[in-house]
Amino acid sequence: MSLLVAMTVWHVEDWRARFQALLPELPIVTLDEPFDRRAVHYVASWKHPEGSLAGLPNLAAIFSLGAGVDHLFADSRLPAVPLARIVDPDLTFRMSEYVVLHCLMLLRQQRRYARQQDAGLWEDDRHQPAAREIRVGILGLGELGQDAARKLKVIGFDVAGWSRSPKTIPGLATFSGEEGLDQFLARTDILVCLLPLTPETRGMLNRAMFARLARDGRLPGGPALINAGRGGLQVEADILAALEAGELGSAVLDVFETEPLPSDSPLWRHPAVTVTPHNAAMSAPETIAAQVAQQIRRLEAGEPLQNLVDPARGY
Ligand code: NDP
Ligand code: OXD
C-alpha cells in the first residue's frame with residue numbers, strides 16, 4: 001500500500017518528506033520515479049498532470065492539497081473515487097483578513113490617499129461614508145464566505161451573502177439561486193467573490209453581472225469587485241471594459257484567468273486595479289500534510305472521510 005504525491009507545481013520532494021515523517025509505515029511515491037501502480041491506495045494532489053491518476057486499480061481516495069478542487073476536475077480522466085479537500089481554520093482566517101483589509105481600503109479610499117501622498121497633495125474634499133452605509137455582498141457562503149461575513153459585520157458593514165442552497169444565518173441577509181441574484185446584486189456596493197470554480201460559476205463575474213450592482217453612489221468611485229475565488233470565475237476583458245465605462249469603480253484581484261498574471265496584462269498597471277499573486281489565504285504545508293495523514297488514518301480505522309467533495313456539484 002502506498003501514497004502517491006502528484007503535482008506539477010511545488011517541490012514534490014518536500015511533500016514526500018512531510019508525508020514520510022507523518023506516515024512512516026506508508027511508502028510515499030511520486031510521478032518522477034517508477035512505482036507499482038497496484039500498490040497506490042491514496043493520492044495527494046495539487047494540479048497533477050492530466051491522466052496521471054488513471055490506471056490505479058486499488059485507489060481508495062484522492063486528497064486535494066488545497067481548499068479548491070477545480071484542479072482535480074480539470075483532469076478528464078480523474079478516477080471515480082472519493083475526493084476530499086482541505087478545510088483549515090488558519091486558511092479561513094487569512095482569507096477573512098484579506099477580505100476585511102480590502103473592504104476597508106475601498107471604504108477609506110486608501111489607494112487615493114496613497115497617490116495623494118506620493119504627489120504631496122493635501123486634499124480632503126470627498127464624502128467619507130461609514131461602514132454601516134456600505135453594502136458588501138459575498139458570493140459564496142461556505143467555509144470562507146461565512147467567516148468573512150461575520151468579521152465584516154463586526155466592523156459594521158451591511159453584509160449579505162449568496163449561495164446555491166437557501167440559508168438562514170442570524171444577522172445576515174441571505175439570497176440563493178438565480179432567483180435571488182438580482183435582489184442580492186442590486187443591494188451590493190462591494191462584491192466579494194468566494195465561490196468555487198465549477199461549470200456553473202465559470203465566467204459569471206462578467207459585464208452583465210457588474211451592470212446589476214447598486215447604482216446609488218454609496219461607495220465613492222462606484223461599485224467594487226474583490227475576487228479571491230478563482231480566476232476562471234472572472235472575464236478580465238469585461239472587468240477592464242466595466243472600469244472604463246464606470247460600471248465598476250475598482251477591482252481587487254487575487255486570482256486570474258492565467259496564473260502567473262502575464263506581464264503584458266493591462267490589469268498590472270490599471271490605476272483602479274489591485275493585484276495580489278494568489279496568496280489571499282494559504283495554509284502551512286505542515287498543516288495540510290497533517291490533515292491528509294489524519295484522513296488516511298481515519299480510512300485505515302474504518303471511519304468516514306471528512307471534507308468530502310461532491311463530484312456532481314463540482315465542489
Ligand atoms: P465551500 O465549498 O465551503 O463553499 C462554497 C460556497 O459557494 C457555498 O456557499 C456554495 O453554496 C456556493 N456555491 C457554489 N456553487 C454555487 C452556485 N452555482 N451558485 C451559488 N452559490 C454557489 O468553499 P470554501 O468557502 O472553502 O472555498 C471557496 C473557494 O475559495 C475555493 O473553492 C477556492 O477556489 C477559493 N480559495 C481561494 C484561495 C486563495 O488564496 N485565493 C484560498 C482558498 C480557497 P452552498 O452553500 O449552497 O453549497
Ligand atoms: C486553495 C488555494 O484552493 O490556495 O487552497 O487557492
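**Exercise 1. Describe how domain 1 and domain 2 meet.**

Solution. The centres of domain 1 and domain 2, taken over C-alpha atoms, are 33 Å apart. The model is predicted: local features need pLDDT of at least 70, side-chain atom pairs count only at pLDDT 80 or more, and totals for chains, interfaces and linings use all residues. Residues are numbered from 1 along each chain as its sequence is written, chains are lettered from A and ligands numbered from 1 in the order in which they are written, and side-chain values use heavy atoms, leaving out hydrogens and water.

Start with the bounds. Domain 1 covers 2-88 + 283-300 and domain 2 covers 89-275, as given by an automatic or database domain assignment.

Next, count contacts (heavy atoms within 4.5 Å). Here 8 residues of domain 1 touch 7 residues of domain 2.

Then take the area. About 720 Å² is buried between the domains, 49% of it from carbon and sulfur atoms. Buried area is the accessible area (1.4 Å probe) that two parts lose on being put together, summed over both. On the domain 1 side, Asp70, Asp88 and Ser283 lose the most, together 62% of what that side buries.

**Exercise 2. Find the salt bridge between the domains, then follow its arginine to ligand 2.**

Solution. The count between domain 1 and domain 2 is 1 salt bridge (a side-chain nitrogen of Lys or Arg within 4 Å of a carboxyl oxygen of Asp or Glu). Asp70 pairs with Arg230, with closest N and O atoms 2.9 Å apart.

Now turn to the ligand. An N or O atom in the Arg230 side chain lies 2.7 Å from an oxygen atom of ligand 2. A polar side-chain atom of His278 is also 2.7 Å from a ligand 2 oxygen atom.

Conventions
Polar contact = N/O pair within 3.5 Å; in protein donor to acceptor, adjacent residues only side chain to side chain.
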